[in-house]
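Walk through this fold from the N terminus to the C-terminal helices. Keep the structure in view as you read.

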Amino acid sequence: MKHVKIPQDRIGALIGDGGETLRRIEQAAEVDLDVDSQNGSVAIDQVGDPIRGMQAPDIVKAIGRGFKPDEALSLLDDEMRMFETIDIERAARNDNDLRRKKGRLIGEDGRTRELMEELTGATVVIYGSTFGVIGQPNEVDVARSAAEMLLDGAPHGAVYSFLERKRAEELKQQGMDYHEFPG
């Protein structure tokens, strides 16, 4: 049995309407979840396929870090999909710096975060003091690198160029031209 702790304000997202999300996770990951809504502790008991069950802690953590349940459940779609977080607070000197760094990651009207998603193919969430990403290993690597560049103070334009270059490389490997890409 494993235990994962999630923030109080994310327990509702984990449980869902009438326990619907909780049941979906249990069924999909072949686990039993026991949620202590007083302290945010979630006990995960594997009851089926151990490989699927191994993903359950990351699914619960991802929902706890602000991902929608469907995005978190996508970890079961492909054994290569992964979930990773970066602690923004570790890169910040104080609360003001933390807010500024989160703002850099989000961008004006959420544009930087959206561009990261569009150009990497990964799903990105900034919640609390963490940057979370779900995707294939290469997508996660590129999103993490872009986030670290922004946290280190790189200009947004340089980060966008990096993301576009990585996207073009990825498409070239797949035999497509970046300019042919529909979106």
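**Two annotated spans and a helix pair**

UniProt, in an unreviewed entry, places the feature "domain: K Homology" at residues 1-81 and 82-152. The model shown here is predicted. The annotation gives a convenient route, so to speak, through the chain: take residues 1-81, then residues 82-152.

Start with residues 1-81. Helix accounts for 43% of this span and strand for 20%. Its end C-alpha atoms are 23 Å apart. Three strands build an open sheet here, in the order β1-β3-β2. The pairing is antiparallel. β1 (2-5) and β2 (31-36) stand at the edges. Each has a single partner strand, so one side of each has no neighbour in the sheet. Direction ignored, neighbouring strands are turned by 20° against each other on average.

Look next at how β1 meets β3. Strand β3 covers residues 41-46 and runs antiparallel to β1. Four bridges join the two. Within this pairing, K2 stands opposite I44 in β3. A helix covers the strands: α3 (residues 50-64) lies across β1, β2 and β3. Helix α3 runs at about 170° to β3.

Now move to residues 82-152. This span is 58% helix and 24% strand. Its end C-alpha atoms lie 24 Å apart. Again three strands form an open sheet, here in the order β4-β6-β5. The pairing is antiparallel. At the edges are β4 (82-87) and β5 (123-127), each of which pairs on one side only. Neighbouring strands of this sheet are turned by 15° against each other on average, direction ignored.

Which strand does β5 pair with over five bridges? The partner is β6 (residues 130-135), and the two pair in the antiparallel sense. I126 stands opposite F131 in β6. Helix α7 (residues 111-120) packs on this sheet and touches β5 and β6. The direction of α7 makes about 155° with that of β5.

Helix α7 also has a helical partner, α6 (residues 95-106). Two packed helices are described by the angle between their axes and the distance between the axes. For α6 and α7, the axes come within 5 Å and cross at roughly 50°. That crossing makes α6 oblique to α7. From α6, the contact draws on R104, L105 and I106. From α7, it draws on R111, T112, R113 and M116. By class, the residues of this contact divide into three nonpolar, one polar and three charged.

Finish with helices α8 (residues 137-151) and α9 (residues 156-173). How are these two helices oriented to each other, roughly parallel or roughly antiparallel? They pack at an angle of about 165°, with their axes 9 Å apart. Angles over 145 degrees count as roughly antiparallel, and α8 and α9 are therefore roughly antiparallel to each other. The crossing of α8 past α9 is right-handed. On the α8 side, the contact is made by N138, V142, S145, A146, M149 and L150. On the α9 side, H156, A158, V159, F162, L163, K166 and E170 take part. The residues of this contact divide into eight nonpolar, three polar and two charged.

Notes: Residues numbered from 1 in each chain as written. Predicted model: local features only at pLDDT ≥ 70, side-chain atom pairs only at ≥ 80, totals over all residues. Heavy atoms only, no water. Axes fitted to C-alpha atoms, helices over the stretch in contact; angles between N-to-C directions. Parallel < 35°, antiparallel > 145°, perpendicular 65-115°, else oblique. Left-handed = near helix turned anticlockwise from the far one by under 90°. Contact = heavy atoms within 4.5 Å. Nonpolar A, V, L, I, M, F, W, Y, C, P; charged D, E, K, R; others polar. Pairing = 2+ DSSP bridges. UniProt positions renumbered as here; feature names shortened; annotations may be inferred.
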